[in-house]
Amino acid sequence: LPEPVPPHFTGLIGRHEFSLDLNQQKLIVNEPLELKLIISGPGALEKLDPPTIIKHDGFEEFESTGDLKISDAENATKTFEYTYLAKQN
(Lines give C-alpha, C1' and ligand atoms only; values in the text may rest on other atoms or scores of the structure.)
Protein backbone atom coordinates (compact mmCIF):
# COMPACT_ATOMS: atom_id res chain seq x y z
CA LEU A 1 0.00 0.00 0.00
CA PRO A 2 1.14 3.56 -0.58
CA GLU A 3 2.49 5.31 2.51
CA PRO A 4 0.85 7.44 3.70
CA VAL A 5 -2.41 6.04 2.32
CA PRO A 6 -4.18 8.82 0.38
CA PRO A 7 -7.83 9.46 1.35
CA HIS A 8 -9.02 8.62 -2.19
CA PHE A 9 -7.21 5.23 -2.29
CA THR A 10 -9.79 2.44 -2.81
CA GLY A 11 -7.50 -0.49 -2.07
CA LEU A 12 -7.44 -1.71 -5.67
CA ILE A 13 -3.97 -2.57 -6.90
CA GLY A 14 -3.21 -3.61 -10.47
CA ARG A 15 -4.91 -3.04 -13.79
CA HIS A 16 -8.72 -2.81 -13.74
CA GLU A 17 -11.35 -2.15 -16.38
CA PHE A 18 -14.25 0.19 -15.63
CA SER A 19 -17.53 0.46 -17.52
CA LEU A 20 -20.43 2.82 -16.74
CA ASP A 21 -23.83 2.32 -18.35
CA LEU A 22 -26.85 4.58 -17.89
CA ASN A 23 -30.46 4.11 -18.91
CA GLN A 24 -30.93 7.56 -20.51
CA GLN A 25 -29.14 10.74 -21.56
CA LYS A 26 -31.77 13.36 -20.65
CA LEU A 27 -33.96 13.61 -17.57
CA ILE A 28 -36.98 15.52 -16.38
CA VAL A 29 -37.83 16.27 -12.75
CA ASN A 30 -38.96 13.21 -10.73
CA GLU A 31 -37.63 10.83 -13.37
CA PRO A 32 -35.23 8.11 -12.17
CA LEU A 33 -31.73 7.68 -13.53
CA GLU A 34 -30.27 4.18 -13.26
CA LEU A 35 -26.53 3.60 -13.54
CA LYS A 36 -24.50 0.40 -13.64
CA LEU A 37 -20.77 0.48 -12.83
CA ILE A 38 -18.80 -2.66 -13.69
CA ILE A 39 -15.23 -3.11 -12.40
CA SER A 40 -13.14 -6.10 -13.53
CA GLY A 41 -9.63 -7.13 -12.59
CA PRO A 42 -7.41 -8.62 -9.89
CA GLY A 43 -7.33 -7.74 -6.23
CA ALA A 44 -9.70 -7.55 -3.33
CA LEU A 45 -12.82 -6.35 -5.13
CA GLU A 46 -14.94 -7.76 -2.30
CA LYS A 47 -13.64 -4.97 -0.06
CA LEU A 48 -14.50 -2.20 -2.54
CA ASP A 49 -17.38 0.00 -1.40
CA PRO A 50 -19.64 1.63 -3.99
CA PRO A 51 -17.83 4.72 -5.26
CA THR A 52 -19.71 8.02 -5.43
CA ILE A 53 -20.83 8.61 -9.01
CA ILE A 54 -23.07 11.69 -8.72
CA LYS A 55 -22.83 14.16 -5.85
CA HIS A 56 -25.15 17.03 -6.69
CA ASP A 57 -28.06 18.72 -4.90
CA GLY A 58 -30.21 18.22 -8.02
CA PHE A 59 -30.25 14.44 -7.50
CA GLU A 60 -31.57 12.28 -4.70
CA GLU A 61 -29.58 9.06 -4.35
CA PHE A 62 -31.22 5.80 -3.33
CA GLU A 63 -29.43 2.78 -1.90
CA SER A 64 -26.93 1.22 -4.29
CA THR A 65 -26.38 -2.52 -4.65
CA GLY A 66 -23.22 -4.50 -5.32
CA ASP A 67 -22.67 -7.97 -6.79
CA LEU A 68 -19.32 -9.79 -6.85
CA LYS A 69 -18.45 -12.61 -9.26
CA ILE A 70 -15.08 -14.33 -8.83
CA SER A 71 -13.78 -16.00 -12.00
CA ASP A 72 -10.56 -17.37 -10.48
CA ALA A 73 -7.86 -16.39 -7.97
CA GLU A 74 -6.62 -13.66 -10.32
CA ASN A 75 -9.83 -12.20 -11.73
CA ALA A 76 -13.17 -10.92 -10.45
CA THR A 77 -15.97 -8.59 -11.50
CA LYS A 78 -17.95 -6.33 -9.20
CA THR A 79 -21.13 -4.64 -10.42
CA PHE A 80 -22.72 -1.68 -8.64
CA GLU A 81 -26.22 -0.50 -9.50
CA TYR A 82 -27.32 3.01 -8.56
CA THR A 83 -30.67 4.79 -8.73
CA TYR A 84 -30.97 8.57 -8.62
CA LEU A 85 -34.04 10.80 -8.85
CA ALA A 86 -33.82 14.18 -10.60
CA LYS A 87 -35.11 16.83 -8.14
CA GLN A 88 -34.55 19.97 -10.24
CA ASN A 89 -34.06 21.05 -13.84
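1. Buried here means under 20% relative accessible area, and exposed means over 50%. Keep those two cut-offs in mind for the residues below, and bear in mind that this is a predicted model.

2. Let's start with T79. This residue sits in strand β5, which covers residues 75-86. Its relative accessibility is 18%, so T79 counts as buried. Setting aside sequence neighbours within four places, T79 is in contact with K36, L37 and I38, and also with T65, G66 and D67. The K36, L37 and I38 part of that list belongs to strand β2, while T65, G66 and D67 fall in β4, which spans residues 65-72.

3. Now K69, for contrast. K69 has its place in strand β4. Is K69 buried or exposed? K69 is exposed, because its relative accessible area is 55% and the cut-off for exposed is over 50%. Not counting residues up to four places away in sequence, K69 touches A76 and T77. T77 is also the bridge partner of K69 in β5. If you go along the chain from K69 to T83, that's 14 residues, and the C-alpha atoms of the two are separated by 21 Å.

4. How are β4 and β5 joined up? The two strands run antiparallel, with 7 bridges between them. They form a hairpin, and 2 residues lie between the strands.

5. β5 has other partners too. With β2 (residues 32-41), β5 pairs in the antiparallel sense over 10 bridges; one pair to look up is L33 with its bridge partner Y84 in β5. Strand β3 (residues 59-61) also pairs with β5, again antiparallel, over 3 bridges. There, E60 has L85 of β5 as its bridge partner.

6. On to β2 itself, which also pairs with strand β1. Strand β1 takes in residues 17-22, and the pairing with β2 is antiparallel over 6 bridges. As an example, L22 stands opposite L35 in β2.

7. Which residues of β2 make up the covered face, and which the uncovered one? The covered face has L33, L35, L37, I39 and G41. On the uncovered face you'll find P32, E34, K36, I38 and S40. In a regular strand the side chains alternate between the two faces of the sheet. Two of the covered-face residues have come up already as bridge partners: L33 pairs with Y84, and L35 stands opposite L22.

Note on methods:
Residues are numbered from 1 along each chain as its sequence is written. This is a predicted model: local features need pLDDT of at least 70, side-chain atom pairs count only at pLDDT 80 or more; totals for chains, interfaces and linings use all residues. Side-chain values use heavy atoms; hydrogens and water are left out. Buried means under 20% relative accessible area, exposed over 50%, partly exposed in between (1.4 Å probe, protein chains only). Helices (H or I, at least four residues) and strands (E, at least two) are DSSP runs, numbered from the N terminus. Two strands pair if DSSP finds at least two bridges between them. Contact means heavy atoms within 4.5 Å.
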